[in-house]
Amino acid sequence: MRRWAMASPPKPKKAAPRAKRATKALDREKAIPVILAGVAAGKALDVVLKEDPTLPSPSTFWRWHMDDVKLRDNLARAREMGVEVHMDEALSIADTPMQGQIVTRKLDKDGNEYDEVRTEDMLGHRKLMIETRIKRAQMIAPRKYGPKLDVTSDGERIEMESTDVAVRLASIFAGIEKRRAGDGDDDAAG
């Protein structure tokens, strides 16, 4: 009886030594504008951090982010600017065909395999690219790109005269004042 020995899996190659990451305060002042510019250009934060070995590691950046309110605000603003870049890209992707090859393996009449190659527009891939950008925009800027929800009128237009609006607002404010005045009475009675 013959036994088949399985070849051992190849040993993983050792990663090349990474350049030291910048962590000093001076480097931080240089790194943050570069990071924010990359995010504002529409790149993912992890991609920006990996592209340049002089930038901090993601864990260092997130530590900075947690400790610095100004950095949090600036990152949010940079992401919103990046959303605009993605929306422009989505329009460009929709307007520009992408040619690709579809390879199908077939058998000829003799049973031999051959590849049939067709070139056509990659509609599915383009659709995925556009939907990904739109969903990211909806998450980052929901007020601007999120779905418009009508939770009050079931799609019907609500019209009120300005005098009706004023009367309604006065009624709401009077109710608020009445509740405020009654809060002290409720506590004493309870």
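Here are three short exercises on this structure, each with a worked solution.

We're working with a predicted model, where local features need pLDDT of at least 70, side-chain atom pairs count only at pLDDT 80 or more, and totals for chains, interfaces and linings use all residues. Residues are numbered from 1 along each chain as its sequence is written, and side-chain values use heavy atoms, with hydrogens and water left out.

**Exercise 1.** Find how the axes of helix α3 and helix α4 cross.

Solution. Start with residues 58–67 for α3 and 69–95 for α4 (helices are DSSP runs of H or I, at least four residues, numbered from the N terminus). Their axes, which are lines fitted to C-alpha atoms over the stretch in contact, come within 5 Å and cross at roughly 110°, on a scale from 0 to 180 degrees between N-to-C directions. That makes α3 roughly perpendicular to α4 (65 to 115 degrees). Now look at who touches (heavy atoms within 4.5 Å): Phe 61 and Trp 62 are among the α3 residues, and Leu 71 and Arg 72 among those of α4.

**Exercise 2.** Work out which residues Ile 35 touches, leaving out residues up to four places away in sequence.

Solution. Go along the chain: Ile 35 meets Leu 45, Val 48, Leu 49, Leu 55, Pro 56 and finally Phe 61.

**Exercise 3.** Explain what the salt bridge between Asp 68 and Arg 28 ties together.

Solution. First, check the distance: 3.1 Å, N to O (a salt bridge needs a side-chain nitrogen of Lys or Arg within 4 Å of a carboxyl oxygen of Asp or Glu). Next, place the partners: Asp 68 sits in the loop between α3 and α4, and Arg 28 in helix α1, so the pair joins parts 40 residues apart in sequence.

Key: Helix = DSSP H or I, 4+ residues; strand = E, 2+ residues; numbered from the N terminus. Parallel < 35°, antiparallel > 145°, perpendicular 65-115°, else oblique.
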